[in-house]
Each structure stands twice: as C-alpha cells, then as structure tokens.
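Open the model in your viewer and keep the selection tool ready. The tour moves from one stop to the next.

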Amino acid sequence: MSEKKPSVWEGFKAFLMRGNVVDLAVAVVIGAAFTNIVNSVVKGIINPLVGAIGTKNLDSYSSCLRDPCKVTADGTVVSGIPIRWGSVLGATLTFVITAAVVYFLMVLPMSKYLARMEARRKAKEGTHEVIEVTELEVLKEIRDALVAQRGSGHDGRWR
C-alpha cells in the first residue's frame, strides 16, 4: 500500500491558507500604506516643530568628524568626514511615531478585545463546570442514599 503524496500545488495551497501567512501578508500591505501616513506626520508636523528651532529638513543637521567638511549640493563629500546625524534622528522619530501609533491604535485595542473574549469564554466554561459539578454532587448524594437504604434493613425493592 502506498500513500498518495500531496502535490506541490496542494502543499503550496496549504502553506498559503495557514493563518499566520495570511496575517503577515495583511500586515505588510497595511504597513506599506501606513508608512505614507507616518512620513506625512513627520514632514508636516515634526519637521516644522524642529524647524522652529533650526531647519525644517532634519537631513541638513550634521557634524564634521575631520575638518574641513565640504559637501557639494548633490551630497558628494569633497573633503573631511561629515556625520549626518540629522537623518538618523529623522529615521528614529519616524520609527518611534510608527511604533506608538501601531501600538495604541492596533495592538492595545486588539489585546483588550482578545482579553474580553477570553474572559467570556472562561466564564462560560466556568458555569458549565459548575453545572457539571453540581450534577455530579447530586448523583453522588443519590448513590449514597441508595447505599444507606440497602444497608438499613430494606430488602432492596423500590417502593
């Protein structure tokens, strides 16, 4: 007897239908769309706030590791070693904002929802267990009463 091996197509279909693969695909698509929103917040709100102190473009913030630092308009380094810490700061702000929005708008509400659903499920199971225990206790009491009747001189017939 030989077992039929699943075809490549069936294996691929089973792989795609796993919940975590579909969830990951949805997360990637939403993440890509969400990036535009975060970039707009950084460019429209964060950069102007930083611009009130200095320049609106965080990429222009830099320090020179070895003087003299000369960089052309297209970004080519002519001399020195410039450290462009402004772009790192901008990327860090974008990451922190993205993480905060994802956490507060997606993760936290979903966690609370799942906790509520789990509590409801446990409450239903708890009442079911109480009912089962109660029925079990009643049956034990009936058994004990029957055993007591037989042991107290009754002939075992029902009346």
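Start by selecting M106, which sits in helix α3. This is a predicted model. Is M106 buried or exposed? Neither: M106 is partly exposed, because its relative accessible area is 40%, between the 20% and 50% cut-offs.

**The nonpolar patch**

Now widen the selection around M106. Add V22, V26, I30, Y103, F104, L105 and V107; together with M106 they make a nonpolar surface patch of about 740 Å². Colour by element next. Two or more residues of the patch come from each of α2 and α3. Which of them gives the most? Helix α3 does, with 5 residues.

**An aromatic pair inside the patch**

Stay on the patch and show the rings of Y103 and F104, two of its residues. These rings form an edge-to-face aromatic pair. Their centres are 5.1 Å apart, and their planes meet at 80 degrees. The pair counts as edge-to-face because the angle is over 60 degrees. Check the exposure of each partner. Y103 is partly exposed, at 39% relative accessible area. F104 counts as exposed, at 53% relative accessibility. F104 is therefore past the 50% cut-off, whereas Y103 falls short of that cut-off.

**A second aromatic pair**

How many aromatic pairs does the model hold? The count is 3. One of them is the pair of Y61 and W85, so select these two. Here the geometry is tilted: 5.4 Å from centre to centre, with 35 degrees between the planes. An angle of 35 degrees is neither under 30 nor over 60, so the pair is called tilted.

Now trace the chain between the partners. Y61 lies in the loop between α2 (19–51) and β1 (63–71). W85 belongs to helix α3 (residues 85–151). The two are 24 residues apart, and their pair links distant parts of the chain. W85 is partly exposed, with a relative accessible area of 38%.

**The disulfide**

Last stop: select C64 and C69 and show their sulfur atoms. They form a disulfide, with 1.8 Å between the sulfurs. The model has 1 disulfide in total. Which hand does the link of C64 and C69 have? It is right-handed, with 90 degrees about the S-S bond. Turn on the surface here. C64 is partly exposed, at 29% relative accessible area. C69 is also partly exposed, at 30%. Neither cysteine counts as buried, because that would need a value under 20%.

Definitions and conventions:
Residues are numbered from 1 along each chain as its sequence is written. This is a predicted model: local features need pLDDT of at least 70, side-chain atom pairs count only at pLDDT 80 or more; totals for chains, interfaces and linings use all residues. Side-chain values use heavy atoms; hydrogens and water are left out. Rings of Phe, Tyr and Trp (its six-membered ring) pair if their centres lie within 6.5 Å; planes under 30 degrees apart count as stacked, over 60 as edge-to-face and the rest as tilted. Helices (H or I, at least four residues) and strands (E, at least two) are DSSP runs, numbered from the N terminus. Buried means under 20% relative accessible area, exposed over 50%, partly exposed in between (1.4 Å probe, protein chains only). A disulfide is a pair of cysteine sulfur atoms within 2.5 Å. Patches are made of residues with over 30% relative accessible area and no salt bridge: like charges are joined within 9 Å, nonpolar side chains (Val, Leu, Ile, Met, Phe, Trp, Tyr) within 5 Å. Accessible areas come from the Shrake-Rupley method with a 1.4 Å probe; for residues, only the protein chains shown count as cover. A salt bridge is a side-chain nitrogen of Lys or Arg within 4 Å of a carboxyl oxygen of Asp or Glu.
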